[in-house]
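Colleague: I have a few questions about this one. Can you put it up so we can go through it?

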Amino acid sequence: MKLIIINGPNLNLLGKREPELYGSKTFEDFFSQLQFKFREVQLEYFQSNIEGELIDKLQEVGFSYDGIILNAAAYTHTSVGLGDAVKAIDSPVVEVHISNIASREPFRHESHISAGARGVIFGFGLQGYELAVRSFL
Ligand code: DQA
């Protein structure tokens with residue numbers, strides 16, 4: 001099983017960024033633990049702050065990988081292009097958010113990703129990524 005986690009803008013700052021919302025662990029540390037936990041899964045990670053690079057990555061992996069775990073971060077709420085890319089590819093996408101976006105500002109309640117996603121997980125911190133991996137198993 002080949003899966004990839006794709007993280008959008010500012011998620012490279014996890015651990016330092018608003019820790020009360022996003023926790024104090026870096027994604028790299030969390031990702032190593034996740035890879036160890038799911039040793040039977042070929043699990044990759046990609047992060048970019050650039051919308052077009054995220055679209056390029058979705059197109060690159062989206063016809064061969066078994067699943068994509070996508071936290072498009074702020075682009076979730078703004079990017080028609082990312083939403084279109086999710087609908088254009090074959091691989092199933094699970095949308096993840098670390099925080100409970102429904103309990104935050106109204107602009108975070110809208111997602112351009114959800115309509116094309118297999119499912120959505122939010123509000124469980126980094127554990128959401130683990131739940132997403134499990135959903136593919
Ligand atoms: C986020 C929620 C988004 O609204 C925000 O812009 C992020 C992170 C989350 O994981 O909770 O950058 O996607």
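Colleague: Start with the helices. How do the axes of α2 and α5 cross?

Modeller: This is a predicted model, to begin with. In it, the axes of α2, residues 27-37, and α5, residues 127-136, come within 11 Å. They cross at roughly 30°.

Colleague: Roughly parallel or roughly antiparallel?

Modeller: Angles under 35 degrees count as roughly parallel, so α2 is roughly parallel to α5.

Colleague: And is the crossing of those two left-handed or right-handed?

Modeller: The crossing of α2 and α5 is right-handed.

Colleague: Fine. Now the ligand. Which residues surround it?

Modeller: Going along the chain, Arg17, Tyr22, Asn71, Ala73, Ala74 and His77 are among them. The others are His97, Ile98, Ser99, Ile101, Arg104 and Arg108.

Colleague: What classes do they fall into?

Modeller: The shell around the ligand has five nonpolar residues, four polar and three charged.

Colleague: Which side chains have a polar atom by an oxygen of the ligand?

Modeller: Ser99 is one of them, with a polar side-chain atom 2.6 Å from a ligand oxygen. For Arg108 the distance from such an atom to an oxygen of the ligand is 2.8 Å. For Arg17 it is 2.9 Å.

Colleague: How much of the ligand's accessible area does the protein cover?

Modeller: On its own, the ligand has 320 Å² of accessible area, and the protein covers 98% of that.

Definitions and conventions:
Residues numbered from 1 in each chain as written. Predicted model: local features only at pLDDT ≥ 70, side-chain atom pairs only at ≥ 80, totals over all residues. Heavy atoms only, no water. Near = heavy atom within 4 Å. Polar contact = N/O pair within 3.5 Å; in protein donor to acceptor, adjacent residues only side chain to side chain. Areas by Shrake-Rupley, 256 points an atom, 1.4 Å probe, with all protein chains shown as cover. Nonpolar A, V, L, I, M, F, W, Y, C, P; charged D, E, K, R; others polar. Axes fitted to C-alpha atoms, helices over the stretch in contact; angles between N-to-C directions. Helix = DSSP H or I, 4+ residues; strand = E, 2+ residues; numbered from the N terminus. Parallel < 35°, antiparallel > 145°, perpendicular 65-115°, else oblique. Left-handed = near helix turned anticlockwise from the far one by under 90°.
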